[in-house]
Amino acid sequence: NDEQFKNVISHAKEYGFVFQSSEIYDGLSAVYDYGQLGAELKNNIKTYWWKAMVQMHENIVGIDSAIFMHPKIWKASGHVDGFNDPMIDNKDSKKRYRADQLLEDKIARYEKDGKTDKAAKLQADMDEALKSENLQQLKTLIEEHEIACPVSGTKNWTEVRQFNLMFSTQFGAMAEGAEEIYLRPETAQGIFVNFLNVQKSGRMKIPFGIAQIGKAFRNEVIARQFIMRMREFEQMEMQFFVRPGEDKKWFAYWKEARLKWHLALGTSAEKYRYHDHVKLAHYANAATDIEFEFPFGFKEVEGIHSRTDFDLSQHQEFSGKKMQYFDNDLNEEGKPYGNYVPYVIETSIGLDRMFLLTMINAFEEQDLSDGEKQDSRTLLRLHPCLAPVKVAIFPLTKKDGLPEKAREIMNSLKLDFNCVYEEKDAIGKRYRRQDAIGTPFCLTIDHQTLEDDTVTIRHRDTMEQQRIDIKDLQTLIESKTSW
Ligand code: ATP
């Protein structure tokens, strides 16, 4: 599995999906750049989400709020005081670790060794310490369970300290008078503070949702597993505003709807599971993660949280502005529901994690050897709607008017589909290159094309080839690649 993960990472680099940021300067840890194909794939994932959430729901609209926000917002949301990880340093290696992560690793080790009682006990003790924010207790557990630094091998630990995950920067031109502000650690607050702007200008009626895709920044201490945990990443979030008392119902609705969104891409259901939270954040009355089986185990891709009226009430208090909605629908007693602060169900998915999931799920090394000949190919079995390139166009040779004919076909398709043109190398080699980037269709233009206006269309997954009239191409490709 480790091997498979490594292969996906090097494949992503080799074909221009993902690069380490600032690579020629030896990189910047946990920051990545999307290359020419990665940017396309990422855009397609965004489109799939936006269409499913905004376009398909009459009562959900999308916004694009700024990354910079008033510093009080992060006071109100609880991020200034509460968005921390408990960290511990090893005095010999000078390496810093998340205390809970060290304990988690120990629990996994106990489980592996069949010491399930010990594992359960440590899990319970750790949960208790985290819940009561007892940092001393976390340190005691690390000592009692004789956890050593993975680098130095020693047990020479500092105290456990809280480490805030928000990045800050100076706002304003002059150093003097400049104010310290934060880069947003989630996109959700941009939605909450615009709740009434959108509700009023869009004449939205509860229940309704506001969606947004955008960057978020977290100074993650443990940054590993490629684009799984980044310091700059992108979220696709939707906040759904409901009547108090109807939150449980809508939580159940979104929990189901969001898993369906994942499964509609054709991923096997066994790869997914829910992880319901027992331990809830202070603002939530229910929460679940949608987890995917990555090569390194089941991990969260998306969170669905019932956030109560916590955020809007906090902003009401901190800003001094009313965050209420007037509901003139009639309740069971025949009276209007009246004014209230709505409850919120949030769906929050990491775009980069979804990208990683998509790459891992699509990546396949196929053995095509038959009795006589050894052969293999690397395939990205992407859903055609997500594929960065939909159609590759190959003139069989570089002469006899074939390139011109191929260009003509490309020009008729490129407005609707992302196409590439390639005339170098043998056809077989060109096919393999497209397989490796997940292109669902390759068209070969040969001498017969000039006579009867037909081309060979080759299907990525089956490698099947068929002769098709040029005039039928548009419909065929569209039927497979449009949402
Ligand atoms: P984790 O427990 O993995 O740190 P989280 O519970 O802090 O995640 P949320 O705050 O619920 O995550 O954020 C919602 C989604 O944003 C996550 O499900 C994940 O897909 C994504 N996400 C969060 N942090 C990162 C990160 N550092 N890099 C990439 N994606 C992230």
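# A guided tour, starting at L443

Select L443 to begin. Setting aside residues within four places of it in sequence, L443 is in contact with V391, I393, F394, I409, V455 and I457. Colour those partners so you can find them again. Keep in mind as you go that this is a predicted model.

**Stop 1: around L443**

Show the strand that holds your starting residue: L443 sits in β21, which covers residues 441-445. Is L443 buried or exposed? Count the C-beta atoms around L443 and you get 23 others within 10 Å; 20 or more makes a residue buried, so L443 is buried. Now add D400 to your selection. D400 and L443 are 43 residues apart in sequence, and their C-alpha atoms are 17 Å apart in space.

**Stop 2: the largest nonpolar core**

Which residues have the most contacts inside the largest nonpolar core? They are F355, M359, V391, I393 and L443, in a core of 55 residues. Next, select helix α12, residues 351-362: this helix gives the core its largest share, 8 residues. Why does the core lie between domain 1 and domain 3? Domain 1 (2-71 + 170-360) and domain 3 (389-481) both give residues to the core, so it lies between them. There is a general idea behind this kind of grouping: in soluble globular proteins, nonpolar side chains tend to be buried together.

Now click on M359, one of the core residues with the most contacts. Apart from neighbours within four places in sequence, M359 is in contact with V8, A12 and F17. A second, separate core has 28 residues, including I73, I191, F192 and V341. Give this second core another colour.

**Stop 3: the whole chain**

Zoom out and show the cartoon. How many helices and strands does the chain have? You should find 16 helices and 23 strands. The C-alpha atoms fill a box of roughly 80 × 65 × 55 Å, taken along the principal axes. Of the 483 residues in the chain, 33% are buried. Among contacts with a separation of 6 or more, 63% join residues 24 or more positions apart.

Colour by domain next. The domain assignment lists domain 1 (2-71 + 170-360), domain 2 (84-164) and domain 3 (389-481). How far apart are the C-alpha centres of domain 2 and domain 3? The answer is 56 Å.

**Stop 4: the ligand**

Centre the view on the ligand, which is surrounded by 16 residues. The closest are F233, G303, S348, G350 and R353. Where do the surrounding residues come from? β10 (232-242), β13 (297-308), β16 (343-350) and α12 each supply at least two of them. Strand β13 gives the largest share of this shell, with 4 residues. Sorted by class, the shell has 4 nonpolar, 4 polar and 8 charged residues. You have already met α12, the helix with the largest share of the 55-residue core.

**Stop 5: helix α2**

Select residues 36-55 to bring up helix α2, which has 20 residues. From its first C-alpha to its last, α2 reaches 27 Å, close to the 28 Å expected at 1.5 Å a residue. Which residues of α2 are buried? Show L37, G38, E40, L41, K42, N44, I45 and M53. As you look along the helix, here is a handy rule: an α-helix has 3.6 residues a turn, so residues three or four places apart point the same way.

**Stop 6: loops worth a click**

Go to the loop between α9 (195-201) and β9 (208-217), where you will find P207. The peptide bond from I206 to P207 is cis, with omega near 5°. R203 lies in the loop between α9 and β9 as well. Phi of R203 is near 50°, a positive value in a residue other than glycine. R203 has 8 C-beta neighbours inside 10 Å, so it counts as exposed.

For another positive phi, jump to E146, in the loop between α7 (135-144) and β6 (161-164). Its phi is near 50°, and E146 counts as exposed because it has 8 C-beta neighbours inside 10 Å.

Finish at G320, in the loop between α11 (310-319) and β14 (325-330). Is G320 buried or exposed? With 7 C-beta neighbours inside 10 Å, G320 is exposed. For a last distance, select A264 too: G320 and A264 are 56 residues apart along the chain, with 44 Å between their C-alpha atoms.

Notes:
Residues numbered from 1 in each chain as written. Predicted model: local features only at pLDDT ≥ 70, side-chain atom pairs only at ≥ 80, totals over all residues. Helix = DSSP H or I, 4+ residues; strand = E, 2+ residues; numbered from the N terminus. Expected span 1.5 Å × (residues − 1). Buried ≥ 20, exposed ≤ 12 C-beta atoms within 10 Å, placed from the backbone. Core = buried A, V, L, I, M, F, W, Y, C linked by C-beta atoms within 7 Å. Domains from an automatic or database assignment. Contact = placed C-beta atoms within 7 Å. Near = placed C-beta within 6 Å. Nonpolar A, V, L, I, M, F, W, Y, C, P; charged D, E, K, R; others polar.
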